[in-house]
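Reader: Got a structure to go through with you. Can we start with how far to trust it, then work through the parts?
Author: Sure, let's take it piece by piece.

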Amino acid sequence: MADQSIEPILAKSAASGAPAIAAPVVVAVAKSRRPRRLGHLLEQEHILAGALLAPTLVILTLFIAYPFVLGIWLAVSDKVVGRPGNFVGLQNFWVNLHDTIFLRAFQNTFVYTFIATILKLALGMGAALLLNHHFRFKRIVRAGMLLPWIVPTVLSTLAWQWMFDATFSVFNWVLINVGLISQRILWLGDGTMAMGCLILVNVWRGMPFFAITLLAGLQTVNPDLHEAAEIDGANAWQRFWRVTLPLIKPIMLVVVLFSMIATFGDFQLIYVLTRGGPYSSTHVFGTYAYEIAMRAAKLGQGASISLFLFPFLLMVIVFQLWYIRRSD
Amino acid sequence: MTGAVAVGGLPEMVAAQKAPSFPKGTKLSILEWVSFVPASDVEFKRLAAEFGKVAGVDVTVDLINMNDLNPRIASAIETKSGPDIIMMISNWPHLYADGLADVDDVAEEIASRDGAYYEHNKKVSVVGNRWKAVPLCSVPSTWAYREDWFKEVGATKFPETWDEWRKVGIALKKKNQPMGQAFGHSLGDPNNWAYSVTWGFGGAETDQSGKVIINSKETLEAVKFTVAAWKDCLDEGGLAWDDSSNNRAYLAGTISATINGASIYFVAKRQFPDIAKVTGHAHMPKGPGGRFYNIGGQGRAVMKYSKNQQVAKEFLRWFMDRPQYDKWMAANDGYTVGPTPYWEKHSLWEKDPKLIPFREASKFGRWPGYPGPPSRKASEALVKYILVDMYAQAIKGMKPEDAVKWAESELKKAYA
């Protein structure tokens, strides 16, 4: 549009034989019109929407879509560090399915995720219900509760490593001194026991997130509803089951799903505590993929191990989105 | 010997302390591990700075945790950017060969001056027929043991054979002074037992051609021996141990012997002098197959993407020359062993006779995958802890025959 308004001025200037004066006028007019043109463009909804979405799209493409597509490409290639990869179809997945260590990691990932999530939910709910009452130092307790979640995982896991140490375990020291056991327990020396320890540390670390989020949900529950239920003769359990739980179910579901996604992909905690040992009994997808991709330099094979997570995470995400939409 | 030797092979530029032959502004970036001997890092940084001054090069040294080296190397090679020189541990030159420049001239020049490299140092550094790293050193692990406790059970010296070792071990464990060995997932100690004992009994993962031969009478004997030793000689916490657990247990006086680098002894000298006094070091016992150490060795590689390959090679040449290497080795105080037998003559070995077994260990050193090549496939077997887990599963109750069969099946996949 600006061009149309410039053209007549140029034509007039040329006709009057005064181009020397006309040029600055044209520039000035063009400049003054530009903001108006931009403003007009942005007034159109589809252009404004595109402009506002563009930075997000660029970030998503660069940091989410590209690595994801690259991950898929690696998983179907024989890529090793330093060499270009060739397409090998599903061969890497086939190899994984015949790898006993991978199959153990597969099983462990699910056991670890489901048991840890259930425990975090149960304990987090209990803690949230307790914290929802009025008591002295309530704020300090609430803040302190978040500490395990705030402390860097590696740091807190190192502390746990000491507590589980085969020779210097503080747990063993206490249990022996109070006479509950006579022989030390090898916390990380047995596959099942080590997996139990990993779940314990994960629960310790993740439970505050549940507690605080559920607490926020509990605080939105109208106390009148509880009073009404109480008048109707509902006991404490019935009030929780029939009133509280249905009301905080949406937030509970969201926190469970977020936690499941994070726990499925856990790496640091397990790598620091056991590195998948003893006898590869505590590997999960993340730790095994790291060993194969980084330490054996088989990027393709490692990516295919990681990618086994994808269908399960996708199911979780689809369910989450479906549920949130339904709630809306 | 420190400061006593300064002979041929030193680059002319540095020997003559001439003006730098590199263009102004030339940079050199080096990535290494954080050594377990802090004085080693201090001396290395000092030497790197000295080279920078003499050669007129801006040298930067980046030291990171050993476990973080793999991801850094992978990302450097894939993005074709990063340090000019990177430390290689064990058979990494085989793992990253395509991203490493050839350093034949430097490696061969050192060998022609100091004598042939130890076999394991050479094997892990040569890929095909090309040197992909300049051997730097080895960090052997020998047995650290309590001489006083061994004497109390009648052993005036450390046992020479695995059979004798077991007899002494039984006597020690009866006195609640077991020996200690890690069987968890940790790169150093568990593999030191798994590979050395397998070889010592005459077993091996593969033959020279790389064919899997683990399922043998010899390996089975090694597994049976380990299971028996676990019960009557070793501390039964070992399944949960990593590389540092045995250090702590030894220094706390809960175990009588363990396989380790010299770090236990160094810490004892500083913090537990009474334990240091009664600590001796001894060679890995002999088995029917001989005496072996699992020593990968360490080297330094010049990266193929580096635009400063010439200056990087000059640095390696200069560092490995006797005056510089002599000082660095002295700073390591016996923790590292030179890559050629020439360095067995270093004066530090006379300073403390307790360290003599470390000096000699490289003669018996072998690499992952021995007697086959230390290939990528050997790395896969290593990171999957196949040999370690073969022993660990047998210790936990799996029949030794089944444990060996499991290892065979996993190794066949890794070596496929």
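**Confidence, contacts and one helix**

Author: This is a predicted model. Chain A averages a pLDDT of 87, and 89% of the residues score at least 70.
Reader: Where in chain A is the pLDDT below 50?
Author: Over residues 1-27 of chain A. Beyond near neighbours in sequence, that stretch has 20 contacts in the model.
Reader: Next, the contact between the chains. How many residues from each chain?
Author: Chain B gives 34 residues and chain A gives 26.
Reader: Which elements of chain B give two or more residues to the side that touches chain A?
Author: Five helices of chain B: H3 (69-79), H11 (245-251), H18 (376-383), H19 (386-395) and H20 (400-414). H3(B) has the largest share, with five residues.
Reader: And how do the residues on that side of chain B divide?
Author: Into 14 nonpolar, 10 polar and 10 charged.
Reader: Switching to domains. What does the assignment give for chain B?
Author: Domain 1 is 12-139 + 295-351, and domain 2 is 142-293 + 373-414. Their C-alpha centres lie 30 Å apart.
Reader: How many residues does the contact take from each domain?
Author: It takes 12 from domain 1 of chain B and 10 from domain 2 of chain B. On the domain 1 side, helix H4 (92-95) and helix H6 (119-125) of chain B each give two or more residues. That side divides into seven nonpolar, three polar and two charged residues.
Reader: Now helix H15 of chain B. Why is it largely enclosed by the rest of the structure?
Author: Because eight of its 11 residues, in the run 322-332, are buried.
Reader: Which residues of H15(B) are buried?
Author: Arg322(B), Gln324(B), Tyr325(B), Asp326(B), Trp328(B), Met329(B), Ala331(B) and Asn332(B).
Reader: What covers them?
Author: The cover includes helices H2 (38-55), H14 (309-320) and H16 (348-351) of chain B.
Reader: What comes just after H15(B)?
Author: Asp333(B), which takes a positive phi of about 60°.
Reader: Last topic, strands. In which sense do E7(B) and E8(B) pair?
Author: Antiparallel, over four bridges, with E7(B) covering residues 142-146. Thr258(B) in E8(B) is the bridge partner of Ala144(B).
Reader: Are the residues of E8(B) buried or exposed, and which way do they point?
Author: All are buried. Ala257(B) and Ile259(B) point one way from the strand, while Thr258(B) and Asn260(B) point the other way.

Technical notes
Residues are numbered from 1 along each chain as its sequence is written. Chains are lettered from A and ligands numbered from 1 in the order in which they are written. This is a predicted model: local features need pLDDT of at least 70, side-chain atom pairs count only at pLDDT 80 or more; totals for chains, interfaces and linings use all residues. Two residues are in contact if their C-beta atoms, placed from the backbone, lie within 7 Å. Ala, Val, Leu, Ile, Met, Phe, Trp, Tyr, Cys and Pro count as nonpolar, Asp, Glu, Lys and Arg as charged, and the others, Gly among them, as polar. A residue is buried if 20 or more other C-beta atoms lie within 10 Å of its own, exposed if 12 or fewer, and partly exposed in between; C-beta atoms are placed from the backbone. pLDDT is the predictor's confidence in each residue, from 0 to 100. Two strands pair if DSSP finds at least two bridges between them. Domain bounds come from an automatic or database domain assignment.
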